[in-house]
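User: I would like to learn how to read strand pairing, pockets and cavities in a model. Please take them in turn.

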Amino acid sequence: TDMPAPLLTEQLPAEVRDLFGRVLSEPGGQPECVPSYDPAAPESLFVALPIVGSRHVFGVLIFQTFEPLRDADTTQLRLLQSLLHHTAIGCENALLMQSLSHMIVDVVIAMALAIESRDPYTGGHVLRVTAYSVMLGQRMGLDSQSICTLRLGGFLHDIGKVAVPDAILG
């Protein structure tokens with residue numbers, strides 16, 4: 001999954017970079033806070049919340065607040081944590097869908113190569129058809145989704161051989 005590049009940590013004040021690092025090293029804990037060293041807002045705080053799924057840390061939300069964190073603010077923090085939890089679930093679901101997509105392609109390739117192995121006279125045919133299809137699609141300027149469709153079509157174009165008896169293929 002190509003995710004957009006986050007704000008480069010070098011662009012952040014040192015105290016925020018330290019906060020970012022602490023939250024990433026121990027995700028799932030309580031919100032971390034550090035005072036802001038902004039002379040224009042000396043009473044403000046930077047607050048960091050991790051975006052944590054069951055198996056991945058997806059990032060850290062850092063925000064600046066101009067009011068001290070009190071008990072009344074815990075409701076807002078819990079709401080933010082809940083939203084970040086749902087964000088992490090969405091990110092994990094996207095990773096699972098991507099993994100499933102890759103597995104489906106792997107199964108299609110394995111099926112195509114197994115079918116091709118039944119006919120010794122066509123060695124490498126499926127791979128050549130697929131490569132030519134992709135090259136033509138690229139030359140035509142097709143988008144990446146169309147190229148992926150062409151690749152699958154190249155692998156599946158002889159799928160009908162499954163029902164052909166070996167005596168006819170040989």
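Analyst: This is a predicted model. We can begin with one pair of residues: A48 stands opposite I62 in β3.

User: How many bridges join strand β2 to strand β3?

Analyst: As a general idea, side chains in a regular strand alternate between the two faces of the sheet. In this case, β2 (residues 45–52) and β3 (residues 57–65) run antiparallel and are joined by 8 bridges. The two strands form a hairpin, with 4 residues between them.

User: Next, the pockets. Which residues line the second largest pocket?

Analyst: A pocket is an open set of grid points, whereas a probe in a cavity cannot get out. Here the lining of the second largest pocket consists of S101, H102, I104, V105, D106, S144, Q145, C148, R151 and L152. At least two of these residues come from each of α2 (73–117) and α4 (144–156). The space in this pocket is about 250 Å³.

User: How does that lining divide by class?

Analyst: The lining of the second largest pocket has 4 nonpolar, 4 polar and 2 charged residues.

User: And what is the volume of the largest cavity?

Analyst: Its volume is about 50 Å³. With a threshold of 30 Å³ or more, the count is 1 cavity. A112, I115, E116, V126, F155, D158, I159 and K161 form the lining of the largest cavity, and α2 gives the largest share, 3 residues.

User: Which classes occur in the lining of the largest cavity?

Analyst: That lining has 5 nonpolar and 3 charged residues, with no polar ones.

How values were computed: Residues are numbered from 1 along each chain as its sequence is written. This is a predicted model: local features need pLDDT of at least 70, side-chain atom pairs count only at pLDDT 80 or more; totals for chains, interfaces and linings use all residues. Side-chain values use heavy atoms; hydrogens and water are left out. On a 1 Å grid over the protein atoms alone, a cavity is a set of points where a 1.4 Å probe fits but cannot get out, and a pocket is an open set with protein on both sides within 12 Å along at least five of seven lines; lining residues have an atom within 4 Å of a point. Grid points are joined across faces, edges and corners, and a volume is the space filled by probe spheres set on the points. Ala, Val, Leu, Ile, Met, Phe, Trp, Tyr, Cys and Pro count as nonpolar, Asp, Glu, Lys and Arg as charged, and the others, Gly among them, as polar. Two strands pair if DSSP finds at least two bridges between them.
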